[in-house]
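I opened the model to make a short set of notes for the bench. The entries follow the order in which I looked things up.

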Amino acid sequence: MTRYDAIVIGAGHNGLTAAGVLARGGRRVLVLEKNAGLGGAAAGYEIAPGFQAPRYAHLLHAWHPQIEKQLDLAANGLSFARRDLPTLALAEDGAHVVIEGGAARLLSGAAHPDAAAYATLHRRLVRFAGVLSAKLLETPPQFHRPDWRDLASLAKLGFDVRRLGAADAREFLRVLLSNARDVILDEIGDGPLAGALALDAVMGGHTGPRSPGTALTLLYRLAQGGGRHLPKGGMAAFCTALAQSAQSHGAEIRRSAGVAAVTVENDRVTGVLLDSGETLGAPVVLSSLDTRTTLALTGVEHFDAEAVRRVRHIRCKGATAKINLALSGLPAFTGVDPDDLTGRILVAPSVQSLETGFDAVKYGELPAHPALEVLIPSRLDPTLVDGGGHVMSIIVQYVPYHLKDGWTAGARERLAATVLDLLERHAPGLRSLIVAQDVLTPLDIERETGAPGGHWHHGELAVDQMLTLRPVNGMARYALPVGGLYLCGAAAHPGGDIIGAAGHNAARQAMKAPQTKTEGHAA
Amino acid sequence: MSGRYDVIVVGAGHNGLTAACYLAKRGLKTLVLERSDWIGGAAVSRELYEGWTYSNCSYVCSLLRPEVVRDLDLPRHGLQVIPYESGATFTRDGGYFAYYSDHDALRREISRFSRRDADNYERYARAVMRQCRFIKPLLLRAAPDPVSNRPRDIAELLFLGKRFHDLGDREMGETIRFWTMSIGEFLDEYFETDVIKAHFAGSGIIGTGLGVYSPGTAYVLLHHYMGEVDGTIGAWGFTRGGMGGVTQAMARALIEAGGEIRAGAGVAQILSKDGKTKGVVLDNGDVLEASTVISNMDVKRTFLNHVEAKDLPDDFVKAVKRFKIRGSSAKLNIALDGFPSFPAAPAGAPFLKGDLHASESLDELERAYDDWKAGRWSSDPYFDMLIPTCIDPTMAPPGKHMMTVFVQYAPYELASGESWDGPARDRMAETVIAKIAEHSPDFRDLILHKEVRTPWDIEREVGLTEGNIFQGELTFDQMFFNRPVPGYADYRTPIKGLYLCGSSSHPGGGVMAAPGANAAREVLRDLGMKVSGLTPAERAA
Amino acid sequence: MTAHTLEKLLPQGTTAPRPMVQRGLAPSPFDARLRPLNLHQDWMPWAGYLSARRFDSVEAEYFAIRNQATLFDISPMHKYRVTGPDAERVMNRLMTRDVRKLKPGRVGYSLWCDEDGYVIDDGTLFRFGDDDFRLCCQEPQYAWLLDIAWGFDVQVHEESDEIAGLSLQGPTSFAVLEAAGLGQLATLKPFDVVKVDDDLTVSRTGFTGDLGYELWVPAEKALALWDRIWAAGHDFGLRPIGYAALDLARTEAGFVVCGVDFKSIHTALRPSRGRTPFELGADRLVDFSKGPFNGRRALLKHAKDGPRYQLVGLEIEGNKAPHSAYVYHRKKTEAGHITSTLWSPTCKRNIALAMLKAPYGVDVTGDLWVEIYHDKEGKWERIMAPAWIAERPFFRHTRRAATPPARF
């Protein structure tokens, strides 16, 4: 039997990051990917001949610079078509807003009435996010009988809060558990600018801007200043660079190699059993899959019933869908210069509209006006398309996982029609440009990526499922109760989005434990 | 009227009366001023229909701090709280789910719906009880300032930290979860039966501008469970004579301690000079001097209506304006010509003497919240309906009854632009009455008189901004050291000698008397007086 | 006020009002026979049912346990049937002992723990077949069993209200069975269980530490069973007993009662009230070698760290049982408290179960004292009586396990 120091299940961005960190730590690593392609939720694909599209996630957002450096991604082929993309927030009345570098202005060039207030708010929120962002790359501290590392971490957090100064420290503590709507509308009026900021708080989650706790998810999105970047070659190139980075240090990646079970002996992992029947040995297994699947692969009997119950109760109802389009040409947005289509384009006209969208999803209904984050990556990176066409990647926020009466073909049509109708209000004639169309409901996303409920965080990013409680009370430090078994994906701290922190932290945690190197490499 | 006092309390609500009692007992010349002709604020009993006494705002008692009851000797002054033992939610199919305080009966009742839920109820009750035990000692303590270096704050933070740490690893996590979860999701983890979840979830949304699936509502439920009646944690009771019994007893205690109360004496302005309190000006122009003024009004009313902005720091005013006080509740108080029949209830059902509801699923409750968010009253509202006359004979003639119906949700401002002071009020009342009538067909015919209180009415009559019963939302951005304004969570204000003692202060609303007692303690501290000596044990020593 | 008939008031298609559930304590399936026999109407609550505390006199009932034969209604016990291909795996996941070693036709006493290694309950596990178990215990466990069974192929059915149980205990208990036409049970060894017919299952189990049997029938057949045994017991001194008498016998036998000698961690408000099997002296019921079971990891740690408490048997000087008494070391340091106690008329010793705090009962086992308060007609006396740790069980007799059993 082939033996490794560590086996990583899932070659999504977290799994590949974990492998890269482990490989650099001198460990012999194998990454196992069920699908033929790599990348998980960061994967790219050919939507139509000659059209490369991001299948799910389309931008790097808060991708951690420390991890980028650690994995030498630049040396492994990662470059950017554009960093810090601007945002174009479309308004129903045509008074579109451009947000760039923490500043807002009207597309027309005039000043936005809330420009000063927005800039102040944004600056303050980024500052607050900075206090928390150090925690992204740390294993959550243990409060009960903390060791010196935990104490240092907590002390630093306390110190960082105080360093904000009394007034800002108070504001930080006030805002921390508040909701995005109040935090935003206390400072600026409702409209596309407020909607854009609120969308940051709720995107990817089953939550509305009025829900307490969304201030924290907003801060999460503003870590590292909240910049969004488009890799050259699209997300597929990003995944290739990640894979390269791990392989350049000796990690092996096997595709079309699904894992049937994690093998356990004497309460320690011994390796995995593949779907093919082959067994592979390793004293350490890191799973980038969600918690419930990981437990099932390992065997529920290896976990206490209470732990299983907690995992069963992890809330992971996805509320985000994806529509990918191959277009024969660049769509014309009314009142928008083609040069202004290089950033992300939002249809989130107000905080109110987001809340209304969420209200529908709560009952398994499709809202009349879901929020949209649209990207035309080929505008910035022509290499994605052969010829003069474009790809349009649309993240649709507020699409229920459990649709009342089910996701029939008709329901998918309705979703596509709702989104295209919304877009055609701003870009008439869009439909006539469509060469190919893919509609991915949360159900589809679950089926393809394994994300439970199609939830891109693998578990709601709610305060009671974050930090020391992520994925559940008692499993928050990556190590699962079975020896040598770790969670390294979005299910663990800090959560999803393409950050890589979970993979990085889990790998570090795994390397801290004794006995993570095998003696020799017996076959 | 003129005069000089040591302490003037603005507003004779239960917190103001409490604070006044504590201070008068220490020998301070204390005056309580009340704008209305009656005292009690939202804890009142009013004869709004001849022969009937209405607890027309607050209607049941649980949270009143036993320490305050004992310190102020309220039973001797007439306070008696009678627990009720049962309650039920009626369902549209003609059934019901009942809550019994008889544990065996409750188990059997839950088993009617689900055996698993019956077992899990024990776990649920235990989890909530653990939270009650954790939080109770914190209610009569002032919140620390986490940003200050004062020894007192650091000591309090360490006390709280230790208390939290002593819970142990698992329980610390469970506590954080409980305090940040929604009541809907919390209940979903224990129960599979819709009506059971809906029955328990109501306590998580009473008086609150949040829905059952909004994070933080498990805390609101805790807020409603952490009270007690005679040591039975979570029990609720009727005050004999209506909720006015509480404030009347406090008023008698105050008079006995040498304090004064003036009704019909509204305060127009709180006076200060050079950052120091000087006294108050009444609506009629009279000036009363005092170096200590305590406001029982909510923080917005106090500072935006009765203190000059120039006397306050800008960021303080901004923070006060930002403090969320959202009206979300309505009330119907009804005089009945007899006891309404509830055909779903079996003969002799004890639960008719308790709290009655008709919302049968969490989704229904959530939709009621959605209506409120959209600026409408809930078309299918949650209500907390009781007929106290079953147990309290003092509130209506024999054989006749008084019914109190607390309604969630009703917004302060209607999206339609209509005023509440018109047909909208009656239409909202009709929504509620129609829903009750679904379960009690002879109910309408028994109505002799009804008082309908919208958020607008509550604000106008009681002085609660937007008619919010808690003087401010109970969400974490404005609880504990954030209540009402970060940096001012210790009952003090930017003006020396001016204090807040109402529910806008920690620990929040409900008829608790904790803010009043805590504020009094801080006043004594600032006056350099001994803080202890208020309990009978201490007095006896 | 307008009058309405019930039919008119109910919406169309609905039935009459749902009947109210039983409030207060419910009668057991044997109630019709027990009520007339309970001379003092002395009842106590047990799992929501009426359970007799005593029928006649505790003394007489106790002596009947040790001298003749007794009947005690055990219907209020919680009973759960677990069946299916994974039934053994599930029960083995639940329990600390190795259930694989329990063969069909056998009964095993075990306890089970939560994830922190604290005892949830103890009970008897009946194995009817390879895939067929009945768990009999004090605390409601339905939801817990569902949690344990999640992910496994089993059915869990709550039989509590469907199965009535009668405990027949005492030196003439076999003679009674024989007179009732059940002489074939002579071959039943302790902890055997056998299905006599569709309506009757008999196990040689009990809570008295004496010769005895437990008889299980469908609830609707309870009275018929009672009549059969009652008639057969006429010549053998058969009497009904209440819990007061049983409690004396079981304490003599050294058996613990959940809720009395320790608190189920599932009902404890304070997590620190939890007790591990080691702390209850049940070390031999914990099998670490059998593979994963609930709480195993925590128990390994507890085994390494040592117990924080220890349940011990005590013998105390004098003849006044020290109810709810404190235990001291060297007369001055609190060492624990008495949980169950009696002056044993059979052993002629003053005995008790006590929960001591480590190191007492663990490393420090001598110089123990019990503080007893005597009410001498309104004058209270405080006595410090010396006590010493004693082996459990306190009562032992060969007749308990003799197979075939003696007739008296």
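**Entry 1: a helix residue in chain A**

I started at A:Ala152, which sits in helix α4 (residues 148–162) of chain A. The model is a predicted one, and I read every value here as computed from it. I then asked whether A:Ala152 is buried or exposed. Its relative accessibility is 38%, so A:Ala152 counts as partly exposed. I also took the distance to A:Pro141: the C-alpha atoms of A:Ala152 and A:Pro141 are 9.3 Å apart, with the two positions 11 residues apart in sequence numbering.

**Entry 2: chain A as a whole**

I counted the secondary structure of chain A and noted 17 helices and 21 strands. Chain A has a radius of gyration of 22 Å, and the globule rule gives 24 Å for 523 residues; the two are close, so chain A is as compact as a globular protein of that length. The C-alpha trace of chain A spans about 65 × 60 × 50 Å along its principal axes.

I looked up burial next: 64% of the 523 residues in chain A are buried. For contacts in chain A between residues at least 6 apart in sequence, I noted that 74% join residues at least 24 apart. The accessible surface of chain A is about 17,600 Å², and carbon and sulfur atoms account for 52% of that surface. Chain A carries 50 positive and 51 negative charges, and the mean positions of the two sets are 6 Å apart.

**Entry 3: chain C as a whole**

I repeated the look-up for chain C, which has nine helices and 19 strands. The radius of gyration of chain C is 23 Å, close to the 22 Å from the globule rule for 408 residues, so chain C is as compact as a globular protein of that length. Along its principal axes, the C-alpha trace of chain C spans about 75 × 65 × 50 Å.

Of the 408 residues in chain C, I have 56% down as buried. Contacts in chain C between residues at least 6 apart in sequence join residues at least 24 apart in 68% of cases. Chain C exposes about 17,500 Å², with 52% of that area supplied by carbon and sulfur atoms. The side chains of chain C include 52 positive and 52 negative ones, and the centres of these two sets lie 4 Å apart.

**Entry 4: nonpolar cores**

Which residues have the most contacts inside the largest nonpolar core? I found B:Tyr124, B:Phe351 and B:Val405, in a core of 137 residues. Helix α4 (residues 115–135) of chain B gives the most to this core, with eight residues. I listed the contacts of B:Tyr124, leaving aside neighbours within four places in sequence: B:Phe186, B:Leu187, B:Tyr190, B:Phe191, B:Phe200, B:Leu221 and B:Tyr225. Another core, of 104 residues, lies apart from the largest one, and its members include A:Trp63, A:Leu137, A:Phe238 and A:Val311. As background, nonpolar side chains tend to be buried together in soluble globular proteins.

**Entry 5: a helix of chain B that packs on chain A**

I went to helix α12 (residues 314–322) of chain B, where B:Phe316, B:Val317, B:Ala319, B:Val320 and B:Arg322 are buried. What do the buried residues of α12(B) pack against? I noted α5 (166–175) of chain A, together with α11 (299–305) of chain B.

**Entry 6: backbone oddities**

I checked for cis peptide bonds and wrote down one between A:His493 and A:Pro494, with omega about 0°. A:Pro494 is in the loop between β21 (485–487) and α17 (501–512) of chain A. I wrote down another between C:Thr403 and C:Pro404, with omega about -5°. C:Pro404 is in the segment after β19 (379–390) of chain C.

I then looked at positive phi. B:Ala513 is not a glycine, yet its phi is positive, about 70°. This residue, B:Ala513, is in the loop between β20 (498–500) and α17 (514–526) of chain B. B:Ala513 counts as buried because its relative accessibility is 0%.

C:Phe191 also has a positive phi of about 70° without being a glycine. I located C:Phe191 in the loop between α6 (173–179) and β10 (193–197) of chain C. With 32% relative accessibility, C:Phe191 counts as partly exposed.

How values were computed: Residues are numbered from 1 along each chain as its sequence is written. Chains are lettered from A and ligands numbered from 1 in the order in which they are written. This is a predicted model: local features need pLDDT of at least 70, side-chain atom pairs count only at pLDDT 80 or more; totals for chains, interfaces and linings use all residues. Side-chain values use heavy atoms; hydrogens and water are left out. Helices (H or I, at least four residues) and strands (E, at least two) are DSSP runs, numbered from the N terminus. The radius of gyration is taken over C-alpha atoms; the globule rule is 2.2 Å times the number of residues to the power 0.38. Buried means under 20% relative accessible area, exposed over 50%, partly exposed in between (1.4 Å probe, protein chains only). Contact means heavy atoms within 4.5 Å. Accessible areas come from the Shrake-Rupley method with a 1.4 Å probe; for residues, only the protein chains shown count as cover. Lys and Arg count as positive and Asp and Glu as negative; His and the chain ends are not counted. The place of a charge is taken as NZ of Lys, CZ of Arg, CG of Asp or CD of Glu. A nonpolar core is a set of buried Ala, Val, Leu, Ile, Met, Phe, Trp, Tyr and Cys residues joined through side-chain atoms within 4.5 Å.
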